[in-house]
Amino acid sequence: MSDPLRPRASLRTAVVWDVLKDALERRVKAAGRDALDVLDTGGGSGNFAVPVARLGHRVTVVDPSPNALFALERRAAEAGVADRIRGVQGDAHGLFQVVERGGYDAVLCHGVLEYVDDPAEGLRNAVGALRPAGTLSLLAAGLGGAVLARALAGHFTEARRALTDPAGRWGEGDPVPRRFTAEQLTDLVTASGLQVGAVHGVRIFADLVPGVLVDTEPGAMDALLKLETAAAEQPAFHSVATQLHVLAERD
Ligand SMILES: C[S@@+](CC[C@H](N)C(=O)[O-])C[C@H]1O[C@@H](n2cnc3c(N)ncnc32)[C@H](O)[C@@H]1O
């Protein structure tokens, strides 16, 4: 059965949302409070912030884009959670100019390390915003998924370029500045002082399957979602996932 609290019961977010929701529930029990303080760094227009606020938590979104923050404000109002979401214009590198160090039970850093000038510093700041017992949810573009997608689209030279490029880019027209392997991400997390709790591959098959197969075959979407969930935890599939999710804790 689909979960009405999922950002969208879609293939793009379902695996991350399920992992995140469970982690927040565990943090609620550990903290002994119903509502957590959550920071969504680079949270954009609130794809995750709004559903997290709908769970009852207080969410601060830091993002450099005024347009994204404007969209966030509108979405929060529409979802009836405007009183639990605060949008702040800021940057992962200057995070503590706008939010309190050590002030959050959970920090989300989703789709941001690809874009920051220095991923290690960006992640160190995200971790610095956590309380002594806190949860980090990190999502970033996976290298192998991009290589596979370019190859299956017939762009073999671009696929090879992504494979050998230090930033994992397939060419000048690549809109993503940087991609990561699971090992690079877990090394960054460990270096920031956290323990890795779980790694999940996200969108392992979804971006490779022709949409018509999913849209026209009865039950196909649900079956694909179940396949994504089953494969997400298996390390063998991490190397071909479009995105990688790392859940980490301080204690
Ligand atoms: C791919 S979007 C992800 C948005 C959101 N986290 C999500 O998962 O839907 C990347 C976001 O990172 C923000 N961003 C770009 N550079 C950043 C930086 N240096 N510090 C913080 N956020 C940044 C962008 O404005 C954008 O909202």
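Colleague: How many aromatic pairs does a search of the whole structure find?

Modeller: In this predicted model, a search of the whole structure finds one aromatic pair.

Colleague: What makes the arrangement of Arg-101 and Phe-96 a charge over a ring?

Modeller: Arg-101 lies over the face of Phe-96, at 4.1 Å from the ring centre, and since the cut-off for such a contact is 6 Å from the ring centre, together with an angle within 35 degrees of the ring normal, the distance of 4.1 Å meets the distance condition and the pair is therefore listed as a charge over a ring.

Colleague: Where does the charged end of Arg-150 sit?

Modeller: The charged end of Arg-150 sits over the ring of Trp-170, 4.0 Å from its centre, which is again within the 6 Å limit.

Colleague: Why is the approach of Asp-63 to the ligand called a polar contact?

Modeller: An N or O atom in the side chain of Asp-63 is 2.6 Å from an oxygen atom of the ligand, and because a polar contact is a pair of N or O atoms within 3.5 Å, this pair qualifies. By that reasoning the side chain of Asn-47 also qualifies, with an N or O atom 2.8 Å from a ligand oxygen, as does a polar backbone atom of His-110, 2.8 Å from a nitrogen atom of the ligand. The ligand taken alone exposes 590 Å², of which the protein buries 75%.

Colleague: Which residues surround the ligand, and of what class are they?

Modeller: There are 14 surrounding residues, with Gly-42, Asn-47, Asp-63, Ala-92 and His-110 the closest; by class, the shell has five nonpolar, seven polar and two charged residues.

Terms used: Residues are numbered from 1 along each chain as its sequence is written. This is a predicted model: local features need pLDDT of at least 70, side-chain atom pairs count only at pLDDT 80 or more; totals for chains, interfaces and linings use all residues. Side-chain values use heavy atoms; hydrogens and water are left out. A residue is near a molecule or strand if one of its heavy atoms lies within 4 Å of it. A polar contact is a pair of N or O atoms within 3.5 Å; within protein, one must be able to donate a hydrogen and the other to accept it, and residues adjacent in sequence count only if both atoms are side-chain atoms. Accessible areas come from the Shrake-Rupley method with a 1.4 Å probe; for residues, only the protein chains shown count as cover. Ala, Val, Leu, Ile, Met, Phe, Trp, Tyr, Cys and Pro count as nonpolar, Asp, Glu, Lys and Arg as charged, and the others, Gly among them, as polar. Rings of Phe, Tyr and Trp (its six-membered ring) pair if their centres lie within 6.5 Å; planes under 30 degrees apart count as stacked, over 60 as edge-to-face and the rest as tilted.
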